[in-house]
Structure formats: C-alpha cells, structure tokens
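Biologist: I should like to learn how the features of a folded chain are read. Could we begin with a helix and what surrounds it?

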Amino acid sequence: MKSIFNKLEKIILEKKSNVCIGLDPISSRMPIDDLLKFNYEIIDSTHDLVSAYKPQLAYFESFGPNGLEIMRKIIEYIKNKSNEIIIIGDGKRGDISTTSEAYAKSLFELYDFDIVTVNPYMGFDSIEPFLSYEEKGAYILCKTSNSGSEDFQDLLLKNGDRLYEYIAKKISTWGSPKNLGFVIGATYPEQLLNMRQILPDFNFLIPGIGEQGGTVGDVVSAVNHTGKKNNFVINSSRSILYASKNKDDFFIYAREKCIKLRNKINEVLK
C-alpha cells in the first residue's frame, strides 16, 4: 500500500519545506477578477517552495458551480506542474456513513484530492469511508485555531482528558500515521505541544499562522518536540495570497512571503 503521508514527509525532506499554502480565493480581496488566472499565478510563483496546497472548498463554492469547476482545473494544473506537491481538500466533511461515502467519492475520485479534512463529531462510521481509500489520507479536526474551539474542544471529561485529547487518542486507534493526520491550530501552542507528546508519529496540519495570530517560533518549537522535522505542515493562506493588492505584482509578493515563511520554519528547526 502506498502511503500518502509517507509521500508528504518525503517531499518535505527533499524540498526542505513544511509550507502549505491555503488557496482561499476571496473576490473582494483578489487583485484580479479572473479566479483561474489568480490561482495559476500563485501556483506558478510558489510551487517550488511548498510541499502542499490546500484549496478551501467553501471559497470556491461561493463562486457558484463554475467555481468548483475551476477548482478541479486548479487541482489538475498543480498535478501537471509537479508530482512533488500534495493537494489537501479542506471541506471538513462529516456525516452519517452513507453520506460520508458520497463525500469521500466526490473529494477523492471526482476532484482527486490526496488528503481531505474530516470532522469526527459523528464517530467512526463517518470517518471510515475516507480511510477505505488506501492511497489517500484524512486530516481529522482535533484542536482548531478559532477562538470558539474552546466552547467544546476544551471540555474536561471525567477521565481527566480534554475533549480534543480524547478525540486524538481514540481516532489514532482507527488508523495509522500512514493514512491519518490531525488538524491542530497554530493559535494554541501549548495544546499543540500536548498533542505532539500524545501523537509523536502522526502528521499535523497546522493552520492559523499569519492573520489568525499564530507565530512560527512557538508553533515549530512545540510541534518539533520529538525532533522529527517532516511530520507537519504549516498552512498560510491570506497573508501569502493577498500580500499585494497590485494586479501586476501580487504573485511576486506571494513568493516573497512564502520564502520568508519557509526560511523562518527552517531557522527554528535548526
């Protein structure tokens, strides 16, 4: 069985990059109106610097049916550009088993994502369809970067665990580091360190750097607690995509921001 997370970790080592760029097209912030061209320009200017791209389905859906067709073209474009890039579908799907089967088929077969984000709230049968694709992978929402995550994810259980800790421990028994990863927000470095101690071998997708307030130094120090440098990716979206409002140079500034993030991560890893 080919492992998508093994492939991701190999790419991270070879490219010396733990950077994932989130493709979050927001019409009011895009310096050009052409959705396809905007994403192509970002990809052309950064593909050699990143290990992953993460299209956020909601933003493409907001453009209507054509937005999803453009997203599919973007995925094909990335795959044609390089085999050394993982594409993460950020849809946070999660529903009863038969609906999850449809979600998994859509995301893995129609759009050809390598890894997708999944909400575990409805339990094992909602996640199982995603794990049945042996050459694909799933990032499970665990401790997310938004402030409202504290409403439920930090609840203290009778066994002494916080809810997010229990989720991580339970779900880690349903798969392995070959097909499972976890979403841990950059805005909670203490919880990130806690999760790394609990799950030393699993890959982490870490959103929340940049506009959401997460800092590279705190995040890398926490996630690198075990000394393994290639089992995490740090996602940055808006701070890279919208580094410039100028239609003539936005892709240049995006590249510069990406280089700075990659280099900062590598500096802390040293």
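Modeller: Let us begin with the terms. Buried means under 20% relative accessible area, exposed means over 50%, and partly exposed lies in between, with a 1.4 Å probe and protein chains only. Helices (H or I, at least four residues) and strands (E, at least two) are DSSP runs, numbered from the N terminus. The model is a predicted one, in which local features need pLDDT of at least 70 and side-chain atom pairs count only at pLDDT 80 or more, while totals for chains, interfaces and linings use all residues. Residues are numbered from 1 along each chain as its sequence is written, and side-chain values use heavy atoms, with hydrogens and water left out.

Biologist: Which residues of helix α7 are buried?

Modeller: In α7, which spans residues 163-171, the buried residues are Y164, E165, I167, A168 and I171. Viewed down the helix axis, these residues fall within an arc of 160 degrees, so they line one face of α7. The arc is taken from the directions from the helix axis to the C-beta atoms.

Biologist: What covers the buried residues of α7?

Modeller: The cover includes α6 (124-131), β5 (137-143), β6 (180-184) and α8 (189-198). Contact here means heavy atoms within 4.5 Å.

Biologist: How is empty space read, and which element gives the largest share of the lining of the largest pocket?

Modeller: Rolling a probe the size of a water molecule over the atoms shows where empty space is left. On a 1 Å grid over the protein atoms alone, a pocket is an open set of points where a 1.4 Å probe fits, with protein on both sides within 12 Å along at least five of seven lines; lining residues have an atom within 4 Å of a point. Grid points are joined across faces, edges and corners, and a volume is the space filled by probe spheres set on the points. The largest pocket has a volume of about 440 Å³. Of its 19 lining residues, the closest to the centre are N119, P120, Y121, Q153 and I167. Both β5 and α7 give two or more residues to this lining, and the largest share, 5 residues, comes from α7.

Biologist: Where is Q153 placed?

Modeller: Q153 is in the loop between β5 and α7. Its relative accessible area is 16%, so Q153 is buried. Leaving aside neighbours within four places in sequence, Q153 is in contact with C142, K143, T144, R162, L163 and Y164.

Biologist: How many aromatic pairs does a search of the whole structure find?

Modeller: Rings of Phe, Tyr and Trp (its six-membered ring) pair if their centres lie within 6.5 Å; planes under 30 degrees apart count as stacked, over 60 as edge-to-face and the rest as tilted. The search of the whole structure finds 10 aromatic pairs. The rings of Y40 and Y77 have centres 3.8 Å apart and planes at 15 degrees, so this pair is stacked. It links distant parts of the chain, 37 residues apart: Y40 in α2 (residues 35-46) and Y77 in α4 (residues 65-81). Y40 is partly exposed, at 21% relative accessible area. For F182 and F202, the ring centres are 5.5 Å apart and the planes are at 75 degrees, so that pair is edge-to-face. F182 counts as buried at 0% relative accessibility, and F202 is buried at 8%.
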